[in-house]
Amino acid sequence: MKEANPSGVFHDVHDIRVLDKEVPELTDDSAIIKVEMTGICGTDLHIYHEGLVPQGSVLGHEFCGELVEVGKDVKDLKVGDRVVVNPMYNGVGLGPSPGGFAKFVKIDKAKANHNIYVIPDTISSEKGALVEPFCVGLAAINKTQLTAKDNVLVSGCGTIGLVTIAGLKSKGVENIIASDISEKRLELAKTLGAKYTFNPKTDGSLKDKVTELFGSVMALDYSGKLPNLTAAFECSGVSALFGQCLELLAPDGKLTVLAIYSKDMTISPNHVVYKRLQIRGSLFYSNEDFLEAIDLMDKGIVDLTPIVSHHFPLTDLPKAFEVQSDSSQSVKVIVDSI
Ligand SMILES: [Zn+2]
């Protein structure tokens, strides 16, 4: 297998290059994937704009592909399996190990349902590239433990907000309000399962809107009533909106934070105490989240393909990063290795 291996390499801030790298050599405990498609993630953009990984790192951690070589010690995977990867184990595409913006990727210590998951053919290459980001939303939902009766705000409708909406809907949560400043993203939020949308640029006060939709509850420690908002997922990365969630939630409300913030802010901690809020951060996912994500996609219960706004061939990776960086034109950019 002496084919070329064009790879998307981080060279410097705002400088991603497609270079010819060696095809990785198989070892006894590894597997080699021929990559089909790879999504560009917010984390890739942080790396692109801020550095954070060593020069020469091959990025891309949201990918699927086909196994073309399997080491002799890897008993539970075989050549021809189509797979997705849990990048957290080896830091695949995040600096420590080369990632999916390439033609071939080697996964060390390959083990099914641990760091590699076989996907059925019902999951196309495009859907396969969306499994990992879906797991981010699903993990947050699974940690939060909602019921179908919850009234939920999803704050921010980038990829993570949108997959969170789809995950909530798949678990029977109906009362979802999605908030974003982009009408295009709010349309997608509706497509994926948000019953209501809110645009702070045009729709007035979110507190009034949520009260109108979900009713209000008495909050003894507050001078008036509060909207009956029982859970919020903060996916925007705007610090002030974290504070807004604390303000809006009803007593015993749950705030789950999925975003990464570049600015600090001042909050009133009394919201947390007076309302006995439960706040949790969610980052990454478990094996169970991966298996659940694959199952929901396989059965067609969740279809995330509407969020894909662009495809670029691997050779156009620098352009793909520019387009993903411009949130006014893109939602999810996918890079095709095939
Ligand atoms: Zn990611």
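**Entry 1: Ser7**

I began with Ser7 in this predicted model, and I found that Ser7 sits in strand S1, which covers residues 5-12. I then looked up whether Ser7 is buried or exposed. Its relative accessible area is 2%, and since buried means under 20%, Ser7 counts as buried. Leaving out residues up to four places away in sequence, I listed what Ser7 touches, and noted Arg17, Val18, Leu19, Lys21, Val58, Phe101 and Ala102.

**Entry 2: Gly93**

Next I turned to Gly93, which I located in the loop between strand S5 (82-85) and strand S6 (104-107). Gly93 has a relative accessibility of 0%, so I recorded Gly93 as buried. Setting aside its neighbours within four places in sequence, I found Gly93 in contact with Asp44, Val58, Leu59, Gly60, His61, Pro98 and Gly99. I also looked up the separation of Gly93 from Gly80: the two are 13 residues apart in sequence, and their C-alpha atoms are 22 Å apart in space.

**Entry 3: the zinc ion**

Which protein residues act as donors of the zinc ion? I noted Cys41 through SG, His61 through NE2 and Glu62 through OE, at 2.1 to 2.6 Å from the ion. Along the sequence, I wrote the spacing of these donor residues as C-x19-H-E. Cys41 belongs to the loop between strand S3 (31-39) and helix H1 (42-50), while His61 belongs to the loop between H1 and strand S4 (62-70), so this pair ties together parts that are 20 residues apart in sequence. I checked accessibility for these two donors as well: Cys41 counts as buried because its relative accessibility is 12%, and His61 also counts as buried, at 4%. I had already met His61 in the second entry, where it appears among the contacts of Gly93.

**Entry 4: helices H3 and H4**

Finally I looked at how helix H3 (residues 131-144) packs with helix H4 (residues 159-170), and I found an angle of about 60 degrees, with the axes 8 Å apart. That angle makes H3 oblique to H4, because the roughly perpendicular class runs from 65 to 115 degrees and the roughly parallel class lies under 35. H3 passes H4 in a right-handed crossing. For the residues that meet, I wrote down Pro133, Phe134, Val136, Gly137, Leu138 and Ile141 on the H3 side, and Thr159, Ile160, Val163, Thr164, Gly167 and Leu168 on the H4 side. Sorted by class, this contact has eight nonpolar residues, four polar ones and no charged ones.

Conventions:
Residues numbered from 1 in each chain as written. Predicted model: local features only at pLDDT ≥ 70, side-chain atom pairs only at ≥ 80, totals over all residues. Heavy atoms only, no water. Donors = N, O, S within 2.8 Å, 3.2 Å for Na, K, Ca; no water. Helix = DSSP H or I, 4+ residues; strand = E, 2+ residues; numbered from the N terminus. Buried < 20%, exposed > 50% of the residue type's maximum accessible area, 1.4 Å probe, protein only. Axes fitted to C-alpha atoms, helices over the stretch in contact; angles between N-to-C directions. Parallel < 35°, antiparallel > 145°, perpendicular 65-115°, else oblique. Left-handed = near helix turned anticlockwise from the far one by under 90°. Contact = heavy atoms within 4.5 Å. Nonpolar A, V, L, I, M, F, W, Y, C, P; charged D, E, K, R; others polar.
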